[in-house]
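Good morning, colleagues. I would like to walk you through a structure that may be new to you, so please have the display in view.

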Amino acid sequence: MTNTNLTLVLSFDEAGNYEPAGHNLTPEKAAKRVTEVQSKGRRAATLEQRERHPSLNFKSCRPCREAAQECTKNHDASAAAPQEQPEITPEENSGAE
Ligand SMILES: [Zn+2]
């Protein structure tokens with residue numbers, strides 16, 4: 001059983017700075033927390049947790065902070081850098097003898 005059905009809530013601002021806003025939440029509680037975050041003028045994102053976070057307080061929770069950092073990074077990447085994939089053209093150099 002890996003599905004814990006627990007949700008991690010992150011809040012973020014226009015600049016895409018994510019902060020933990022709650023963890024170990026049931027979908028119901030997570031939805032409530034999202035509303036709370038939004039009522040403060042911030043945006044909210046939810047993530048499914050793979051496992052219960054051992055820390056009681058999400059503010060001092062490492063998995064939460066790491067998730068927030070990861071999202072901040074991804075936000076930057078998707079906002080700033082258009083994902084250009086360099087096309088690899090195989091050179092047909094058959095000069096080997
Ligand atoms: Zn956590």
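**Strands, helix and core**

Let me begin with β2, which is mostly covered: seven of its eight residues are buried. Please bear in mind throughout that this is a predicted model.

The pairing partner to consider here is β1. The two strands, β1 and β2, run antiparallel and are joined over five bridges. Within this pairing, S11 has E19 of β2 as its bridge partner. Together β1 and β2 make a hairpin with five residues between them, and in that turn G16 shows a positive phi of about 85°.

I turn now to α1. Its 13 residues should span 18 Å at 1.5 Å a residue, and its end C-alpha atoms are indeed 18 Å apart, so the two values agree. Which residues of α1 are buried? They are A30, R33, V34 and V37. Viewed down the helix axis, these buried residues fall within an arc of 105°, so they line one face of α1. Their cover includes β1, β2 and β3, the last of these comprising residues 43–48. On the other side of the helix, E28, T35 and S39 are exposed. After α1 comes G41, with a positive phi near 85°.

Finally, the core. The largest nonpolar core has 15 residues, and V9, L10, A44 and C64 have the most contacts inside it. Two or more residues each come from β1, β2, α1 and α2, the last of these being residues 62–80. As for A44, its contacts beyond four places in sequence include V9, L10, A21, V34 and V37. In soluble globular proteins, nonpolar side chains tend to be buried together.

Notes. Residues are numbered from 1 along each chain as its sequence is written. This is a predicted model: local features need pLDDT of at least 70, side-chain atom pairs count only at pLDDT 80 or more; totals for chains, interfaces and linings use all residues. A nonpolar core is a set of buried Ala, Val, Leu, Ile, Met, Phe, Trp, Tyr and Cys residues joined through C-beta atoms within 7 Å. A residue is buried if 20 or more other C-beta atoms lie within 10 Å of its own, exposed if 12 or fewer, and partly exposed in between; C-beta atoms are placed from the backbone. Helices (H or I, at least four residues) and strands (E, at least two) are DSSP runs, numbered from the N terminus. Two residues are in contact if their C-beta atoms, placed from the backbone, lie within 7 Å. The expected span of a helix is 1.5 Å times one less than its number of residues. The arc is that of the directions from the helix axis to the C-beta atoms. Two strands pair if DSSP finds at least two bridges between them.
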